[in-house]
Each structure stands twice: as structure tokens, then as C-alpha cells.
Amino acid sequence: MVKKIDEALKQRNLPDMIDPDKSGFIPWDARRKEILSLLAGECYGTYPDFELTVSGCLQREDKNYYGGKAKSMEVDIKVVSTYSSFTFPVRVIIPYRNPYPPAFFYLSFTNIPGDGIGEEIIDEGYALINLYYQDVVPDNGDDLTCGAGRFYTRNPYQSWGKIAMWSWGASRVMDWLENQSYIDMQSVCILGHSRLGKTALWCGANDTRFSMVAATGSGGGGAALYRGKTGEGIENLKGKGSRAWFSGNFFKRYSEAEELVWDQHFLLGAVAPRYLYIGSAERDDWADPRSEFLAACAASTAYRALGDDGLIMGDSEPIPNKSYHDGKIGYHLRSGTHYLSRDDWHQIIKFRRKHGI
């Protein structure tokens with residue numbers, strides 16, 4: 001028998017995202033800043049707060065990319081502060097069919113645009129900004145002092161982890177793009193899968209220049225609630241590789257998920273009132289699709305407080321391979337396992353087209 005969604009959320013005993021102290025209405029802008037400050041200090045780590053200058057230098061250009069459908073540019077992004085400088089590459093692909101297109105900002109696992117399906121994205125009329133995440137900081141068990149890590153002295157408490165570093169790199173690309181005329185800056189969706197889904201959510205929650213934030217299979221530290229979660233939990237994220245993704249406080253102050261004064265619906269809610277998309281896979285047990293779905297439901301509180309609809313579901317559990325696209329939070333549960341598939345991409349594109357973003 002399918003439990004009602006509100007009953008399932010009550011069982012998770014989630015902290016109140018809107019008014020945690022029961023002190024009355026708090027303006028959302030102020031509350032959103034509190035949420036982001038809390039999550040930075042207790043989970044992802046804080047960004048550098050000193051002045052930066054950002055520039056781009058074109059390294060290679062192919063005006064006949066994908067058989068003449070698009071122009072491809074490989075650009076070095078240079079970030080300079082009083083203390084240090086750092087350069088990393090990004091690929092920007094612009095379709096000729098649309099001279100000022102909406103864009104996908106894709107956090108990529110490889111140097112291949114769209115991890116191999118870039119041409120399909122271009123054929124849909126979107127530009128593709130492809131950032132290979134390891135060019136910002138390597139994803140290994142190092143001491144976080146290479147790449148973007150050089151910008152910020154690390155301490156064992158609230159200093160940034162690699163999720164914050166990767167998301168910071170994406171925002172520096174946006175700094176550069178703001179001064180160009182390649183894409184429609186009012187219509188950029190940041191998208192990532194798995195650990196890069198966690199990154200897309202953190203980046204998009206902080207950087208309001210993204211009109212839409214999308215994550216698939218993001219699991220623990222991403223879309224999935226910790227309370228009642230199965231699969232990947234906080235104790236698993238303490239592993240040698242993933243430990244570096246988060247701040248030290250995340251592991252020092254919390255031994256059990258039930259002790260958190262927040263949960264991941266805070267992260268999803270911080271995207272409001274912009275568009276949000278969560279994709280899950282039915283057999284992705286490590287990510288825990290049910291906890292991702294319930295987090296999207298709980299995040300809808302922020303949208304409703306602003307007079308918008310969040311996730312519109314009715315009062316039932318999601319049906320595999322059916323999309324839920326009517327509200328400002330979109331969701332689908334794909335059959336299969338942990339993977340960013342063409343089906344996921346096309347569901348997200350379908351949502352963008354429906355809402356004109």
C-alpha cells in the first residue's frame with residue numbers, strides 16, 4: 001500500500017526550513033542567506049571571500065564543429081587574486097541555428113563535450129558549456145592545495161571541500177561569460193550527475209545567475225535526505241576520496257544524521273524561486289531515489305511560501321518512467337541504475353521547453 005507523501009515526510013521528522021525557531025515569518029532572502037551560511041559552515045565549506053578578477057583567453061576555435069552545425073571554443077579561464085592566480089580550461093559550443101541560445105552548463109566527467117552526447121544537445125538548440133571538473137581541482141586523496149585549492153588556506157573546520165571548489169570554478173566561468181555575447185545569460189541550466197549532481201546543486205543554490213539547477217543520482221550530500229536514508233550516508237562519505245569533498249565540520253560535529261539541524265531539503269529549497277530538477281533511477285540504491293524524491297517534496301515548502309508551486313505530484317509515489325513537470329520543481333524516476341542517460345537529458349530538456357527556460 002502506497003503511503004501518502006505527507007505521512008512519509010512526517011516519519012522523516014525533518015527540521016523546519018522556513019521558520020526553524022517558530023518566531024514568525026522571515027523574509028525569504030534573509031532566510032535563504034541563513035541556510036546557505038549554515039550549509040557552508042557545516043557541510044560544504046566556505047568560498048574565498050576576497051576580490052578576484054576573471055578573464056578568458058581563446059586557445060582553440062573550430063568553426064565547423066559537429067559537421068558545421070556549431071562553433072567550438074576552448075577557452076582558458078584565468079582567476080587572479082592579490083594572493084594567487086589559477087587557470088583552467090572550459091569548452092563552449094554554440095549552435096549556428098540559434099545565434100543567442102539558452103545553454104546547458106554541464107559539469108562533465110570527461111573532456112568529451114556532454115560526456116559524449118554534446119551533438120544531441122546542440123541539435124536541440126542549446127549551447128553547451130562543458131567544464132571537466134578535474135581541471136578545477138583533481139578528484140583524488142590529495143591535501144587540497146593544488147588547483148583551486150591554492151586560493152584558500154585550509155583548516156579542519158569550515159574550509160571548502162572539493163564540491164565547493166568545483167562549484168566555485170563553474171561560477172568563475174559565469175563571471176567570464178557575463179562579459180561575452182555567446183549565450184542568453186538569463187537562460188542557463190547547470191547540470192551534473194552523482195558527485196557532480198551534488199556540485200551542481202551547491203553551485204546553483206549559491207549562484208542565482210543559473211535560471212535552473214538540475215541533478216541526477218546525486219544521493220548523499222546532494223538531493224537525498226539523510227534522515228531515514230538508505231545506501232550512501234554520512235559514515236560512507238568519510239571515505240578516503242569523498243571525505244575531501246566536504247568541510248571538516250561535516251564529519252567532526254555529526255555522528256548521526258538525526259542530530260543535524262538541517263537536511264538536504266534546505267539545499268534544494270535554497271534554489272527557490274528558480275527552477276529545480278531532480279532525476280532519480282529506480283535501482284540506484286546507493287543514492288536512494290525515495291530520499292531524493294521526498295527531499296524534492298519537502299523543498300516545495302520554500303516555493304509555496306513564495307506563492308509558487310514546487311513539485312506537483314498529487315498524493316502518490318512517483319511512477320517509474322513518468323515525468324512530473326507541472327511545478328517549478330521537476331522530477332522523474334527512471335528505470336535502471338546509477339547513470340546519466342539520454343533519457344535523463346531528454347526529460348530535463350522537456351521540462352525546460354514546458355516552462356520556457
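Let me start with one strand, S10: Ile329, Tyr331 and Leu333 point one way from S10, Gly330, His332 and Arg334 point the other way, and all are buried. Buried here means under 20% relative accessible area, exposed means over 50%, and partly exposed is in between, with a 1.4 Å probe and protein chains only. In a regular strand the side chains alternate between the two faces of the sheet.

Before I go on, a note on the source. This is a predicted model, where local features need pLDDT of at least 70 and side-chain atom pairs count only at pLDDT 80 or more, while totals for chains, interfaces and linings use all residues. Residues are numbered from 1 along each chain as its sequence is written, and side-chain values use heavy atoms, with hydrogens and water left out.

Back to S10. It covers residues 329–334, and six of its six residues are buried. Strands are DSSP runs of E with at least two residues, helices are runs of H or I with at least four, and both are numbered from the N terminus.

Which strands pair with S10? One is S8, residues 275–281, which pairs with S10 in the parallel sense over six bridges. The other is S9, residues 323–324, which pairs with S10 in the antiparallel sense over two bridges. Two strands count as paired if DSSP finds at least two bridges between them. His332 appears in both pairings: it is the bridge partner of Gly279, and it is also the bridge partner of Ser323. S9 and S10 form a hairpin, with four residues between them.

Now the whole sheet. It is an open sheet of 10 strands, in the order S1-S2-S3-S5-S4-S6-S7-S8-S10-S9, and the pairing is mixed. S1, residues 53–64, and S9 stand at the edges with a single partner strand each, so one side of each has no neighbour in the sheet. Elsewhere in the sheet, S4, residues 103–108, pairs with S5, residues 127–132, in the parallel sense over six bridges. In that pair, Ser108 has Tyr132 of S5 as its bridge partner.

Next, a loop residue. Where is Ser194? It lies in the loop between strand S6 (188–193) and helix H6 (195–206). Ser194 is buried, with a relative accessible area of 16%. Leaving aside neighbours within four places in sequence, Ser194 is in contact with Phe109, Thr216, Gly217, Ser218 and His338. Contact means heavy atoms within 4.5 Å.

On to the spaces inside. On a 1 Å grid over the protein atoms alone, a cavity is a set of points where a 1.4 Å probe fits but cannot get out; a pocket is an open set with protein on both sides within 12 Å along at least five of seven lines; and lining residues have an atom within 4 Å of a point. Grid points are joined across faces, edges and corners, and a volume is the space filled by probe spheres set on the points.

How many cavities of 30 Å³ or more does the structure hold? There are two. The largest has a volume of about 40 Å³. It is lined by 13 residues, and Gly217, Ser280, Ala281, Arg334 and Tyr339 lie nearest its centre. S8 gives the largest share of that lining, three residues. By class, the lining has two nonpolar, eight polar and three charged residues. For these classes, Ala, Val, Leu, Ile, Met, Phe, Trp, Tyr, Cys and Pro count as nonpolar, Asp, Glu, Lys and Arg as charged, and the others, Gly among them, as polar.

The second largest cavity holds about 30 Å³ of space. Its lining is Ile18, Phe25, Ile26, Trp28, Ala305 and Leu306, which divide into six nonpolar, no polar and no charged.

Then the pockets. The largest pocket holds about 190 Å³, and of the 14 residues that line it, Gly233, Ile234, Glu235, Ser255 and Ala257 are the closest to its centre. That lining divides into five nonpolar, four polar and five charged. The second largest pocket holds about 160 Å³. Among the residues lining it are Tyr106, Phe109, His193, Tyr339 and Trp345.

Last, the cysteines. With a disulfide taken as a pair of cysteine sulfur atoms within 2.5 Å, the count comes to zero. For Cys43, the nearest cysteine sulfur is that of Cys203, 15 Å away. Cys43 is buried, with a relative accessible area of 0%, whereas Cys57 is partly exposed, at 43%.
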